[in-house]
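Me: Please take a close look at one part of this model: the surfaces where its molecules meet. Start from the fold, if that helps, and keep it brisk.

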There are 2 protein chains.
Amino acid sequence: MEMINTPSPDAAVEILAALAQSSRLAVFRELVSVGSTGLAAGAIAKRVGVPTSSLSFHLTNLKQAGLVAERREGRSIIYTVRFETMRGLMAYLLENCCAEEGSGAAIASFINEGERA
Amino acid sequence: MEMINTPSPDAAVEILAALAQSSRLAVFRELVSVGSTGLAAGAIAKRVGVPTSSLSFHLTNLKQAGLVAERREGRSIIYTVRFETMRGLMAYLLENCCAEEGSGAAIASFINEGERA
DNA sequence: GAATCATTTCCATAATTCTAGAAATATGGA
DNA sequence: TCCATATTTCTAGAATTATGGAAATGATTC
């Protein structure tokens with residue numbers, strides 16, 4: 001049973017910042033959409049429509065935040081999403097930004113779309 | 001039954017960017033912690049430890065992203081969290097960044113901490 | 001080991017964001 | 001009205017982030 005690794009506040013900021021830029025969010029969503037198959041850098045550049053050098057800059061940022069992993073395959077470098085990091089961010093936000101203190105009510109209240117009864 | 005208003009990608013970036021700065025995240029967490037009571041700007045500045053002019057800059061940013069609301073009370077301006085916006089962000093992330101396409105599996109898979117079986 | 005393809009690194013520039021003092025604005029009370 | 005308090009706006013400088021062309025690196029094939 002995989003444990004969720006909730007990030008420190010600093011790490012949370014880093015992850016949020018990585019996602020808080022339109023090209024990067026687009027890149028990340030593309031990677032999410034293909035799951036563990038991943039995408040080569042060039043393919044991402046084509047899909048998202050940014051020059052490869054800019055893309056590389058953004059991929060470095062996402063990698064640094066732990067949001068993506070890379071593996072080399074032939075001449076390509078394949079990027080994949082790291083869902084654990086994303087799950088950690090969700091856990092952080094749920095715990096710290098979605099409900100007041102303690103009250104593990106965050107998840108329940110989120111799922112029920114809800115204000116208190 | 002309150003509906004969740006999922007933000008557009010641009011709005012999502014704006015909300016993420018608002019949270020992706022340590023002072024602002026700290027401000028937001030303070031506001032979450034006090035719920036609908038809210039906090040006066042001065043009180044926030046004291047708790048977070050930033051000069052009031054800097055704080056004002058950050059509050060403007062959070063307000064612009066829809067993450068906080070303000071109301072005047074005497075000479076103070078009281079800030080409160082807007083949970084709807086936060087819920088919208090969570091919904092966006094769940095739908096777009098936590099699982100591949102369609103498969104409303106995102107919530108379930110998040111709650112079960114889980115990779116596929 | 002040249003030619004080619006994929007990607008990154010380097011670099012300069014542009015753009016944005018952050019910081020905080022000082023001045024301005026708004027409210028409430030003597 | 002005058003004064004104190006609360007907060008914002010203005011401003012300028014510092015710092016960070018983003019952009020994209022050109023050169024460098026790595027891998028593959030012949």
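Reply: A residue is buried if 20 or more other C-beta atoms, all placed from the backbone, lie within 10 Å of its own, exposed if 12 or fewer do, and partly exposed in between. By that count, 34% of the 117 residues of chain A are buried. The model is predicted: local features need pLDDT of at least 70, side-chain atom pairs count only at pLDDT 80 or more, and totals for chains, interfaces and linings use all residues. Residues are numbered from 1 along each chain as its sequence is written, while chains are lettered from A and ligands numbered from 1 in written order.

First, the fold. Chain A has six helices and three strands (DSSP runs numbered from the N terminus: H or I of at least four residues, E of at least two). From the N terminus, the order is α-α-β-α-α-β-β-α-α. The three strands of chain A form an open, antiparallel sheet in the order β1-β3-β2 (strands pair when DSSP finds at least two bridges between them). Its edges are β1 (39-40) and β2 (68-73) of chain A, each paired on one side only. Six bridges link β2(A) to β3(A). In that pairing, A:Val68 faces A:Val81 of β3(A). Helix α2 (residues 22-34) of chain A packs on this sheet and touches β1, β2 and β3 of chain A. Its direction makes about 85 degrees with that of β3(A) (axes are lines fitted to C-alpha atoms, for helices over the stretch in contact; angles run from 0 to 180 degrees between N-to-C directions). Chain B also has six antiparallel bridges, between β2 (residues 68-73) and β3(B). One of its bridge pairs is B:Arg71 with B:Ile78. Two residues lie between these strands of the hairpin, where B:Gly74 takes a positive phi near 65 degrees.

Next, the place where the two chains meet. 33 residues of chain B contact 33 residues of chain A (C-beta atoms, placed from the backbone, within 7 Å). On the chain B side, α1 (9-19), α2 (22-34), α5 (83-97) and α6 (105-111) each supply at least two residues. That side has 20 nonpolar, six polar and seven charged residues (nonpolar: Ala, Val, Leu, Ile, Met, Phe, Trp, Tyr, Cys, Pro; charged: Asp, Glu, Lys, Arg; polar: the others, with Gly). A turn of 180 degrees and a shift of 0.0 Å along the axis lay chain B on chain A with an RMSD of 0.0 Å (least squares on C-alpha atoms with pLDDT of at least 70 in both copies). This is the relation of a two-fold axis. Both copies use the same surface: 100% of the contact residues of chain B recur in chain A.

Now the DNA. Around strand C there are 21 residues, and A:Ala40, A:Gly42, A:Ser53, A:Ser76 and B:Ser53 are the closest (near: C-beta, placed from the backbone, within 6 Å). α3 (41-48), α4 and β3 (76-81) of chain A and α4 of chain B each give two or more residues. α4(A) gives the largest share, five. By class, this surface has seven nonpolar, 12 polar and two charged residues.

Strand D also has 21 residues around it, and A:Ser53, B:Ala40, B:Gly42, B:Ser53 and B:Ser76 come nearest. Two or more residues each come from α4 (52-64) of chain A and from α3 (41-48), α4 (52-64) and β3 (76-81) of chain B. Here α4(B) has the largest share, with five residues. The classes are seven nonpolar, 12 polar and two charged.

How values were computed
Contact = placed C-beta atoms within 7 Å.
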